[in-house]
Amino acid sequence: GFKVKRFFFDINYRFRFNTEVHYARDFLGFFINGNGNYLGDSPADLSVGVDLNAFSETSLGIQYAINDKLTVGIRPKFLAGIANLSINDDNTKIYTDADTYEMTADVNINIKASTLLDMDINRIGDIRAYIDTIGNIPFRDMYTIKDNMGFGIDFGASYIFNERFGVA
């Protein structure tokens, strides 16, 4: 960035990746304690939920020093989506027969995904082909996908009380 009188300008590029994973209470208990607690009509619930996002963020920040203590700023952003994956409707149950200890699974997972690439994934084997293709996307092509664009804006301020304390 650079400073001009009371203004400070900066240009930023960031690759952002965030994810959340939620799992049923039985998920850890089943692996730690075994299947003895889940015999007969009491299946272990191994359901998970995932929300994964990857996107790039390009922004121009502008800060203005109102006085020595107060600074305000704004940062408009251009966002380009790279990938999104969500699992919200997982219903995975593991049953253990009380007499024979035979284990069976009932699995129903709904996975939704959106990416830069125009590729259908219908089978597990398609995922490997997709991963191999990701490494071949040139940086310059990350902004050519019009369906995955967005905009955002940050507003901010900071106030310095003294040399040790401040709030932003």
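This passage describes the strands, the helix α1 and the nonpolar core of a predicted model.

Towards the start of the chain, strand β1, which covers residues 2-4, pairs with strand β2, which covers residues 7-23, and the two are antiparallel and joined over 3 bridges. In this pairing V4 of β1 is placed opposite F7 of β2. The hairpin formed by β1 and β2 has 2 residues between its strands, and within this hairpin K5 adopts a positive phi, near 55°. Strand β2 also pairs with strand β4 (residues 48-65), to which it is joined by 17 bridges, again with the strands running antiparallel. Here F7, the residue that faces V4 in the pairing of β1 with β2, stands opposite Y64 in β4.

An open sheet is formed by 3 strands, arranged in the order β3-β6-β7, with antiparallel pairing. Its edge strands are β3, at residues 44-45, and β7, at residues 103-108, each of which pairs on one side only. In general, the strands of a sheet pair through backbone hydrogen bonds, in either a parallel or an antiparallel manner. Between β3 and β6, the latter spanning residues 91-96, the antiparallel pairing extends over 2 bridges, and D45 is found opposite K93 of β6.

Helix α1 comprises residues 26-33, and its buried residues are D26, G29 and F30. When the helix is viewed down its axis, these buried residues fall within an arc of 100°, and they therefore line one face of α1. The face turned away from this buried side carries F31 and I32, both of which are exposed. The cover over the buried residues of α1 includes β3, β6 and β7, which are the strands that make up the open sheet. After α1 comes G34, a residue with a positive phi, near 85°.

Nonpolar side chains in soluble globular proteins tend to be buried together. In the present model, the largest nonpolar core consists of 5 residues, namely F30, Y38, A44, L46 and I94. Of these, F30 is also one of the buried residues of α1, while A44 lies in the edge strand β3 (44-45) and I94 lies in β6 (residues 91-96). The surroundings of Y38, another member of this core, can be described further: when neighbours within four places in sequence are set aside, Y38 is in contact with D26, G29, F30, P43, A44 and T96. Among these contacts are D26, G29 and F30, the residues that are buried in α1.

Note on methods: Residues are numbered from 1 along each chain as its sequence is written. This is a predicted model: local features need pLDDT of at least 70, side-chain atom pairs count only at pLDDT 80 or more; totals for chains, interfaces and linings use all residues. Side-chain values use heavy atoms; hydrogens and water are left out. Two strands pair if DSSP finds at least two bridges between them. Helices (H or I, at least four residues) and strands (E, at least two) are DSSP runs, numbered from the N terminus. Buried means under 20% relative accessible area, exposed over 50%, partly exposed in between (1.4 Å probe, protein chains only). The arc is that of the directions from the helix axis to the C-beta atoms. Contact means heavy atoms within 4.5 Å. A nonpolar core is a set of buried Ala, Val, Leu, Ile, Met, Phe, Trp, Tyr and Cys residues joined through side-chain atoms within 4.5 Å.
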